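Me: I've got a structure open and I'd like to learn how to read it piece by piece. Can you walk me through some features?

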Amino acid sequence: MSRIIAIANQKGGVGKTTTAINLSSCLASFGKKVLSIDLDPQGNMSSGLGVDKDEVEYNAYDLIIGNAKIEDCICKNVIENLDVLPSNINLSAAEIELIGVDNKEFIIRDEVARVRDNYDYVIIDCPPALSMLTINAMTTADSVLVPIQCEYYALEGLSQLIHTIELVQERLNPSLKIEGVVFTMYDARTNLSLQVVENVKDNLDQTIYKTIIPRNIRLAEAPSYGMPINLYDPKSTGAESYMLLAEEVINKGEEDD
Ligand code: ADP
Ligand code: MG
């Protein structure tokens, strides 16, 4: 059975896309078949995985507006074991195009249903908003993984995000779970990062991944080469931590079964 994980947090710059890219790639390096779906019009996951997002024939926008089937939108074997459903700036018009359309919350779910058996993991990168695209990701997903940046306002907006997930559970996708939270951009040189981790642990009643992603310049550099961290610099602390996170995701999945 495949597992579909949406990476969501309506705050921008918390490490969603970095986590989506590198979790996808590290899962693939463990031999898992992965489909990475980019639902952010910025298309940074697509380019970070090496897809030329403005050159592909069809993308997530075409899928959303019914201009293409999912099979036509998927770029195969971008990396060994890893396929990508890219997006680009066109996707920013999707919200408007969907006004008044029936069942618009389920467009991605219904398309992904046709191909999910080809994959062990489907990883969905969400835009930084609680928008129709994020709702589509949440109706498609089995679980939501929430990256939390180790900074002072870490908890801000989290209750709104959890409320949104609960509404989706109640009304649209009863089997949706919160996969857990992952701390990102941890800076061991400052007390602040440590305090944020302690504070979130005390105040949040959610699974927290043991793996903490450090602040690592190699993680910020890798996307400009169109490479995930485990290919760009496999010995970096960033690569090591995303490999550990992938392992934890795999083990947690097996426990849940
Ligand atoms: P989001 O998708 O939530 O907006 P990103 O993953 O794009 O966040 O990250 C925001 C910025 O921070 C990007 O420039 C990214 O390269 C950088 N970044 C993300 N995670 C790390 C990290 N662990 N160490 C250093 N830079 C990071
Ligand atoms: Mg992003």
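Me: Which residues point one way from β6, and which the other way?

Reply: Keep in mind as we go that this is a predicted model. For a strand, sort the side chains by the direction they take. On β6, Ser-143, Leu-145, Pro-147 and Gln-149 point one way, while Val-144, Val-146 and Ile-148 point the other way.

Me: Are those residues of β6 buried or exposed?

Reply: Here you count neighbours: 20 or more other C-beta atoms within 10 Å makes a residue buried. In β6, residues 143-149, that holds for 7 of the 7, so the strand is largely enclosed by the rest of the structure.

Me: Which strands pair with β6, and in what sense?

Reply: For pairing, look at the bridges and the sense of the two strands. Strand β1, residues 3-7, pairs with β6 in the parallel sense over 3 bridges. Strand β7, residues 177-184, also pairs with β6 in the parallel sense, over 7 bridges.

Me: Which residues could I click on to see that pairing?

Reply: Try Ala-6, whose bridge partner in β6 is Val-144. Then go to Pro-147, which stands opposite Val-182 in β7.

Me: What do β6, α8 and β7 make together?

Reply: Follow the chain from strand to helix to strand and check the handedness. With helix α8 (residues 158-171) between them in the unit's listing, β6 and β7 form a right-handed β-α-β unit.

Me: On to the backbone angles. Which residue in the loop between β3 and β4 has a positive phi although it is not a glycine?

Reply: That's Asn-81, with a phi of about 75 degrees. Its loop runs between β3 (75-79) and β4 (82-85). Asn-81 has 19 other C-beta atoms within 10 Å, so it counts as partly exposed.

Me: And what about Asn-103?

Reply: Asn-103 isn't a glycine either, and its phi is positive at about 55 degrees. Look for Asn-103 in the loop between α5 (94-97) and α6 (107-115). Asn-103 is exposed, because just 10 other C-beta atoms lie within 10 Å.

Me: Last one: which residues come nearest to ligand 1?

Reply: For a ligand, list its shell, then ask which elements supply it. Of the 16 residues around ligand 1, Gly-15, Lys-16, Thr-17, Thr-18 and Ala-220 come nearest. Two elements, α1 (16-29) and α10 (217-221), give two or more residues to that shell. The largest share, 3 residues, comes from α1.

Me: How many residues of the shell are nonpolar, polar and charged?

Reply: The shell around ligand 1 has 6 nonpolar, 8 polar and 2 charged residues.

Methods:
Residues numbered from 1 in each chain as written. Chains lettered and ligands numbered in written order. Predicted model: local features only at pLDDT ≥ 70, side-chain atom pairs only at ≥ 80, totals over all residues. Buried ≥ 20, exposed ≤ 12 C-beta atoms within 10 Å, placed from the backbone. Helix = DSSP H or I, 4+ residues; strand = E, 2+ residues; numbered from the N terminus. Pairing = 2+ DSSP bridges. Right-handed = clockwise from strand over helix to strand, strands pointing away. Near = placed C-beta within 6 Å. Nonpolar A, V, L, I, M, F, W, Y, C, P; charged D, E, K, R; others polar.
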